[in-house]
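Subject: Structure for your files

Hello,

Here is the structure I said I would pass on. My notes on it follow below.

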Amino acid sequence: MAASGVANSETFTVTTPSDTEIQLTRLFDAPRHLVFEAMSKPEHIKRWWGNLGDGYSVPVCEVDLRIGGKWRFVNRHPKGEAEFYGEYREIDPPGRIVFTEIYAPFPDAPSVVTATLADENGKTRLVATSNYPSKMVRDMVLQTGMEKGAAKSYDRLDEVSMQLATSR
Amino acid sequence: MTDHLSTTFYALADPTRRAILARLITGECAVTELAEPFEMSLPAVSKHLRVLERAGLITRGRSAQWRPCAINALPLKEVAEWTERYRKFWEGKFDNLELYLQELKAKEKTNGSKRRGK
């Protein structure tokens, strides 16, 4: 049963296929072209990404959907803002998109995200694999949990970034 | 990072050690018994057991003759809790996406065409 009550919520999984990866999968009750659009067009992205309730919004959502084109999202939340940006590497609608992703406070730790969309009887299975530059960065991302109230995670990020800096 | 969780993750990062833990879920057992399914010397298995023990994932009996290994699930629970926030975060986003896709689908239907005006 879906804990959240939203359709297909129970199909969502988070796994770590290797030391440097995090993989998210979920089934969506929509055809691939719609899921692809919702993931790649700003007017759609704004509606679901970072929109986690009162006090949350996406004031910046720029997408230059070309190979080598840049993207940039800013998520405003009650405790401040979180900025993410990157570059598109592969664009193959409606089945595959590959892009780099950088969390602005850590420009030296880009991840490469490979998202594939597979048709399952009219529904779409999304598999999004983020590959981080090291196990430490991957663990850091998992540990901070990209919390809703980001203040705590920023504290932890500070800690880890200091550890990263001193371990170099 | 040499915090507790990192030690646990290090211990879990090896397939032999995960197999040992899986065996111990069914109950405590002796080192020789644990070594059986693996093509591995006893000292090699003991080395894995020390890593697991250091991470607090197993406990070993006191008896010198027969030191049975038993699983300790507490660190595993910590690992599960650790990724839980991350899981929750994306679960929320993807639930949003699912709900939004239903809106898009409905719009597409009423427009009767894949092409939608800007």
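What percentage of the 168 residues in chain A is buried? The share of buried residues there is 24%. Please bear in mind that this is a predicted model.

Chain A, overall

Chain A has four helices and eight strands. Along the sequence these follow the pattern β-β-α-α-β-β-β-β-β-β-α-α. Of the contacts in chain A between residues at least 6 apart in sequence, 33% join residues at least 24 apart.

The sheet

The eight strands form an open sheet in chain A, in the order E1-E2-E8-E7-E6-E5-E4-E3, and the pairing is antiparallel. Strand E1 (13-15) and strand E3 (57-63) of chain A are at the edges; each has a single partner strand, so one side of each is left without a neighbour in the sheet. On average, neighbouring strands are turned by 20 degrees against each other, direction ignored.

E2(A) deserves some detail. A hairpin with five residues between the strands connects E1(A) to E2(A). These two strands run antiparallel and are joined by three bridges, with Val14(A) standing opposite Leu24(A). E2(A) is also joined to strand E8 (residues 123-131) of chain A, again antiparallel, by eight bridges. In that pairing Ile22(A) stands opposite Ser130(A), and Gln23(A) has Thr129(A) as its bridge partner.

Which side chains of E2(A) point to one face and are buried? They are Ile22(A), Leu24(A), Arg26(A) and Phe28(A). Glu21(A), Gln23(A), Thr25(A) and Leu27(A) alternate with them, point to the other face and are not buried.

Helices on the sheet

H1(A) lies across E2, E3, E6, E7 and E8 of chain A, and runs at about 155 degrees to E7(A). Chain B contributes here as well: H5(B) packs on the sheet, where it touches E1 and E2 of chain A, and its direction makes about 30 degrees with that of E2(A).

One residue of H1(A) to look at is Phe36(A). Why does Phe36(A) count as buried? It has 22 other C-beta atoms within 10 Å, and 20 or more are needed for a residue to be called buried. Leaving aside neighbours within four places in sequence, Phe36(A) is in contact with Pro93(A), Pro94(A) and Leu117(A). Phe36(A) and Thr116(A) are 80 residues apart in sequence, yet their C-alpha atoms are 9.4 Å apart in space.

Nonpolar cores

The largest nonpolar core has 23 residues, and those with the most contacts inside it are Phe28(A), Val35(A), Ala38(A), Leu97(B) and Leu101(B). Two or more residues each come from H1, H2, strand E4 (70-77), strand E6 (96-103) and strand E7 (111-120) of chain A, and from helix H5 (74-111) of chain B. Which element gives the most to this core? H1(A) does, with five residues. In soluble globular proteins, nonpolar side chains tend to be buried together.

Leu101(B) shows how chain B enters the picture. Apart from neighbours within four places in sequence, Leu101(B) is in contact with Phe28(A), Ala30(A), Leu34(A), Val35(A) and Ala38(A). A second, separate core has 11 residues, including Ala11(B), Leu52(B), Ile58(B) and Cys69(B).

Ala11(B) also appears in helix H1 (residues 4-12) of chain B, where Thr8(B), Phe9(B) and Ala11(B) are buried. Viewed down the axis of H1(B), the buried residues fall within an arc of 160 degrees, so they line one face of the helix.

Contact between the chains

How many residues of chain A are in contact with chain B? The number is 31, and they meet 23 residues of chain B. On the chain A side, the elements giving two or more residues are strand E2 (21-28), helix H1 (32-40), helix H2 (42-48) and helix H3 (135-144). H3(A) supplies the largest share of that side, with four residues. By class, the side of chain A that touches chain B has 16 nonpolar, eight polar and seven charged residues.

Regards

Note on methods
Residues are numbered from 1 along each chain as its sequence is written. Chains are lettered from A and ligands numbered from 1 in the order in which they are written. This is a predicted model: local features need pLDDT of at least 70, side-chain atom pairs count only at pLDDT 80 or more; totals for chains, interfaces and linings use all residues. A residue is buried if 20 or more other C-beta atoms lie within 10 Å of its own, exposed if 12 or fewer, and partly exposed in between; C-beta atoms are placed from the backbone. The arc is that of the directions from the helix axis to the C-beta atoms. Two residues are in contact if their C-beta atoms, placed from the backbone, lie within 7 Å. Ala, Val, Leu, Ile, Met, Phe, Trp, Tyr, Cys and Pro count as nonpolar, Asp, Glu, Lys and Arg as charged, and the others, Gly among them, as polar. A nonpolar core is a set of buried Ala, Val, Leu, Ile, Met, Phe, Trp, Tyr and Cys residues joined through C-beta atoms within 7 Å. Two strands pair if DSSP finds at least two bridges between them. Axes are lines fitted to C-alpha atoms, for helices over the stretch in contact, and angles run from 0 to 180 degrees between N-to-C directions.
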